[in-house]
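Work through these exercises with the model open beside you. Try each task before reading its solution.

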Amino acid sequence: MTRVKMIASSLLVVAAAGLIAYPVFAHCGKCAADGKKIAAQLDQNKTTLAKAVTAAEEHSKGRAISVIADLNDKDQVAVHVFCVAGDPPKIMKCYVDIATGSVKGMKEVHEFPITQNDHAHGHDDEAGDDHAKHHDGGVAKMIKGQTVEAGCGACIYKMPGVEGCPLAIMIDGKPYLVEGATWPNHDYCDRKCQAVVTGKVKGGKFIATSVEPKK
């Protein structure tokens with residue numbers, strides 16, 4: 001983890017602050033602190049996700065199926081509503097401006113966000129299976145109790161487009177971002193670690209049921 005030293009130009013400022021250095025940690029975008037920021041900005045603009053859904057459905061002339069609210073690199077809230085519209089059906093991603101409550105942009109996408117357990121039909125994790133079928137007929141690589149290398153997706157593996165400091169693991173020489181499990185501390189940003197993992201590779205990510213440091 002990068003540490004930034006801030007040195008005051010005035011002894012008076014130093015005396016008042018009482019500190020000459022502090023660590024800077026990038027938020028993950030999913031923690032409670034970020035959630036509080038999102039809620040505060042929604043309240044400030046008197047906007048709700050329900051209003052965003054209504055605006056997106058009216059704009060797309062479709063039906064909302066998923067909503068995502070997150071923070072951009074300037075800590076400003078971005079709300080995206082995914083609607084299915086038309087015949088044949090298309091997935092339309094609508095950007096809702098929380099300041100006005102209106103849709104500022106819309107484009108067709110091929111997927112909408114789902115949770116890690118969606119499309120599970122009871123056969124994906126049967127004991128003894130090394131692979132499981134996806135809902136689309138593809139094959140997921142299953143991993144059970146395997147020791148792998150782990151590190152920060154941004155700081156250690158320099159994964160393109162990755163922001164913040166998400167945990168990633170190496171599988172077959174390729175880094176995969178980890179979802180569904182957390183690391184007990186933040187030591188993986190300045191060094192590579194050894195982890196014992198169970199889960200499956202799906203959609204370019206590792207969907208974990210457990211991730212633990214190797215003792």
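**Exercise 1. Backbone outliers in loops**

In which loop is lysine 46 found? Then describe its backbone and exposure, and do likewise for lysine 158.

Solution. First, the ground rules. This is a predicted model, in which local features need pLDDT of at least 70, side-chain atom pairs count only at pLDDT 80 or more, and totals for chains, interfaces and linings use all residues. Residues are numbered from 1 along each chain as its sequence is written, and side-chain values use heavy atoms, with hydrogens and water left out.

Step 1. Locate the residue. Lysine 46 sits in the loop between α2 (32-44) and α3 (49-60). Helices (H or I, at least four residues) and strands (E, at least two) are DSSP runs, numbered from the N terminus.

Step 2. Read phi. Lysine 46 is not a glycine, yet its phi is positive, about 55°.

Step 3. Check exposure. Buried means under 20% relative accessible area, exposed over 50%, and partly exposed in between (1.4 Å probe, protein chains only). Lysine 46 has 68% relative accessibility, so it counts as exposed.

Step 4. Repeat for lysine 158. This residue lies in the loop between β8 (139-152) and β9 (167-171). Its phi is also positive, near 50°, and it is not a glycine. Lysine 158 is exposed because its relative accessible area is 61%.

**Exercise 2. A cis peptide bond**

Which residue does a cis peptide bond join to proline 88? Place the proline in the fold.

Solution. Step 1. The partner is aspartate 87, and omega is about 10°.

Step 2. Proline 88 belongs to the loop between β4 (77-85) and β5 (90-97).

**Exercise 3. Helix α3**

Why does the end-to-end distance of α3 agree with its number of residues? Then list its buried residues and what they pack against.

Solution. Step 1. Compute the expected span. The rule is 1.5 Å times one less than the number of residues. For the twelve residues of α3 this gives 16 Å, and the end C-alpha atoms are 16 Å apart, so the two agree.

Step 2. List the buried residues. They are Ala52, Ala55, Ala56, Glu57 and Ser60.

Step 3. Recall the helix rule. An α-helix has 3.6 residues a turn, so residues three or four places apart point the same way.

Step 4. Find the packing partners. Contact means heavy atoms within 4.5 Å. The buried residues of α3 pack against β3 (63-71), β4, β5 and β6 (102-109).

Step 5. Look past the end of the helix. Lysine 61 follows α3 and has a positive phi, near 55°.

**Exercise 4. Salt bridges**

How many salt bridges does the structure hold? Examine three of them.

Solution. Step 1. Apply the cut-off. A salt bridge is a side-chain nitrogen of Lys or Arg within 4 Å of a carboxyl oxygen of Asp or Glu. The structure holds five.

Step 2. Take glutamate 57 and arginine 63. Their side chains meet at 3.6 Å, N to O. Glutamate 57 is buried, at 19% relative accessible area. Arginine 63 is exposed, at 56%.

Step 3. Take glutamate 149 and lysine 192. Their N to O distance is 3.9 Å. The pair links distant parts of the chain, 43 residues apart: glutamate 149 is in strand β8, and lysine 192 is in the loop between β10 (174-179) and β11 (193-202). Glutamate 149 is partly exposed, at 24% relative accessibility.

Step 4. Take lysine 205 and glutamate 179. Their closest N and O atoms are 2.7 Å apart. This pair also links distant parts of the chain, with lysine 205 in strand β12 (residues 205-213) and glutamate 179 in strand β10, 26 residues apart. Lysine 205 is partly exposed at 31%, and glutamate 179 is partly exposed at 22%.

**Exercise 5. Cysteines**

Why is cysteine 152 not bonded to the closest cysteine sulfur? Check cysteine 193 too.

Solution. Step 1. A disulfide is a pair of cysteine sulfur atoms within 2.5 Å. The structure holds zero disulfides.

Step 2. The closest sulfur to that of cysteine 152 belongs to cysteine 155, 3.6 Å away, so it is too far for a bond. Cysteine 152 is buried, with 0% relative accessible area.

Step 3. Cysteine 193 is in no disulfide; its nearest cysteine sulfur, in cysteine 189, is 9.4 Å away. Cysteine 193 counts as buried, at 5% relative accessibility.
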